[in-house]
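Here is a structure to read together, one feature at a time. The learner asks, and the teacher replies.

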Amino acid sequence: MTKEEFRRLAQSGLLFLDGATGSNLQKQGMPVGVCPELWITEHEEIMSGLQKAYLEAGTNILYAPTFTANRIKLKEFDLEDRIEELNHKLVEISKRAADGKALVAGDLTMTGQQLKPMGPLDFEELIDVYKEQIRYITEAGADLLVVETMMSLQECRAAVIAAKECCDLPIMVTLTFAEDGRTLFGTDPETAALVLTTLGVDALGVNCSTGPDKMCDVVRKMRAYADIPLVAKPNAGLPQLVDGKTVYEMEAPEFAEEMMALIDAGADILGGCCGTTPEHIRLLT
């Protein structure tokens, strides 16, 4: 997909993303502590079934489950030598589920290691880590890229620079903001919007951490500084610990109703993050 094709698609009306992956896979048997990417390739029918349910619910863009399939995260499971195989297979699973009826976004996130001086990584090294994963994602045929659940603007910059050096695919970037309206590393929505639009991303926004109501102010502030599509992908409310398990209690009707305020705030691309299900997306669309 070209950037111009993405721009025209976004201008045609609201776009709908999928909902949660991890929380739904855990309900279907994925143990805590395993490598999610490897588990998915070994249980393809479960991942495929979830994504087909999102497709039937009205999703326009499915996220391929390549979330932490980068060299650094895979090394924690001694799987770094399988990075090409895993990224290829994960994108292929999503493309088969989409069956040409939805776009497939290659999904990237933070590596878990911080940049110097807070961590061991040089900026150029981080760019190379992202470039490696992006090359495999694009080889597998992803239609666009999404950089999500980002807490560091510097790491967003590294991922976007890597993408631009590897391919011409559209790039969406979403950050995670705390209740004080800043990321964990202290970035406010206005600064994020200015930096990322200057870098030439094709859509930007916010995902995870809160329910829809807490995202409105962030989206509103971004809209004042960005003339590109804005993404809102909130959780199904705030997580609660019940009998040792993380539970999200916002049901689909309430979620869909609260999402209307995000549209009013300026969001153009809507979806769900932790705790959301195909039913949340179905009522949203």
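**Reading backbone, burial and pockets**

Q: Where is C208 placed?

A: C208 sits in the loop between β6 and α10. Keep in mind that the model is predicted.

Q: What is unusual about the phi of C208?

A: Start with the general idea. Most residues other than glycine have a negative phi. C208 is not a glycine, yet its phi is positive, at about 65°.

Q: Which other residue has a positive phi although it is not a glycine, with a value of about 55°?

A: That is D99. D99 belongs to the loop between α6 (83–98) and β3.

Q: Are C208 and D99 buried or exposed?

A: The reading depends on relative accessible area, where under 20% is buried and over 50% is exposed. C208 has 14%, so C208 is buried. D99 has 52%, so D99 is exposed.

Q: Which peptide bond is cis?

A: The general idea first: most peptide bonds are trans. In this model the bond from K116 to P117 is cis, with omega near 5°. P117 lies in the loop between β3 (103–108) and α7 (123–139).

Q: Where is D202, and how accessible is D202?

A: D202 is in the loop between α9 and β6 (203–207). Its relative accessible area is 12%, which means that D202 is buried.

Q: What does the side chain of D202 contact?

A: A polar contact is read from the distance between two N or O atoms, with a cut-off of 3.5 Å. The side chain of D202 makes one with the side chain of K3, at 2.7 Å. A polar atom of the D202 side chain also lies 2.8 Å from the backbone nitrogen of I171.

Q: Which backbone atom does the side chain of H280 reach?

A: The side chain of H280 reaches the backbone oxygen of M250, at 2.9 Å. H280 is part of helix α12 (residues 278–284). With a relative accessible area of 5%, H280 is buried.

Q: R282 also lies in helix α12. How accessible is R282?

A: R282 has a relative accessible area of 44%, so R282 counts as partly exposed.

Q: How far apart are R282 and A256, along the chain and in space?

A: These are two separate readings. Along the chain, R282 and A256 are 26 residues apart, and their C-alpha atoms are separated by 8.8 Å.

Q: What do the two readings give for N235 and T276?

A: N235 and T276 are 41 residues apart in sequence and 6.5 Å apart in space, C-alpha to C-alpha. N235 is in the loop between β7 (230–233) and β8 (239–242). Its relative accessible area is 2%, so N235 is buried.

Q: What do they give for I40 and M215?

A: I40 and M215 are 175 residues apart along the chain, with 30 Å between their C-alpha atoms. I40 is in helix α3 (residues 36–42). At 3% relative accessible area, I40 is buried.

Q: And what do they give for G266 and T111?

A: The C-alpha atoms of G266 and T111 are separated by 30 Å, and the residues are 155 apart along the chain. G266 is in the loop between α11 (252–265) and β10 (269–270). Its relative accessibility is 14%, so G266 counts as buried.

Q: How many aromatic pairs are found in the whole structure?

A: The search finds zero aromatic pairs. A ring can also be read against a charge. The charged end of K233 sits over the ring of Y63, 4.6 Å from its centre.

Q: How is empty space read, and what is the volume of the second largest pocket?

A: Rolling a probe the size of a water molecule over the atoms shows where empty space is left. The second largest pocket has a volume of about 190 Å³.

Q: How many residues line the second largest pocket, and which lie nearest its centre?

A: The lining has 18 residues, and A178, E179, G181, K214 and V218 lie nearest the centre.

Q: Which helix supplies the largest share of this lining?

A: α10 does, with five residues. α9 (189–199) and α10 (212–223) each supply at least two residues.

Q: How many lining residues of the second largest pocket fall in each class?

A: Seven are nonpolar, three are polar and eight are charged.

Terms used: Residues numbered from 1 in each chain as written. Predicted model: local features only at pLDDT ≥ 70, side-chain atom pairs only at ≥ 80, totals over all residues. Heavy atoms only, no water. 1 Å grid on protein atoms, 1.4 Å probe; cavity = no way out; pocket = protein on both sides within 12 Å on 5 of 7 lines; lining within 4 Å. Points joined across faces, edges and corners; volume = space filled by probe spheres on them. Helix = DSSP H or I, 4+ residues; strand = E, 2+ residues; numbered from the N terminus. Nonpolar A, V, L, I, M, F, W, Y, C, P; charged D, E, K, R; others polar. Phe/Tyr/Trp six-rings, centres within 6.5 Å; stacked < 30°, edge-to-face > 60°. Lys NZ or Arg CZ within 6 Å of the ring centre and 35° of its normal. Buried < 20%, exposed > 50% of the residue type's maximum accessible area, 1.4 Å probe, protein only. Polar contact = N/O pair within 3.5 Å; in protein donor to acceptor, adjacent residues only side chain to side chain.
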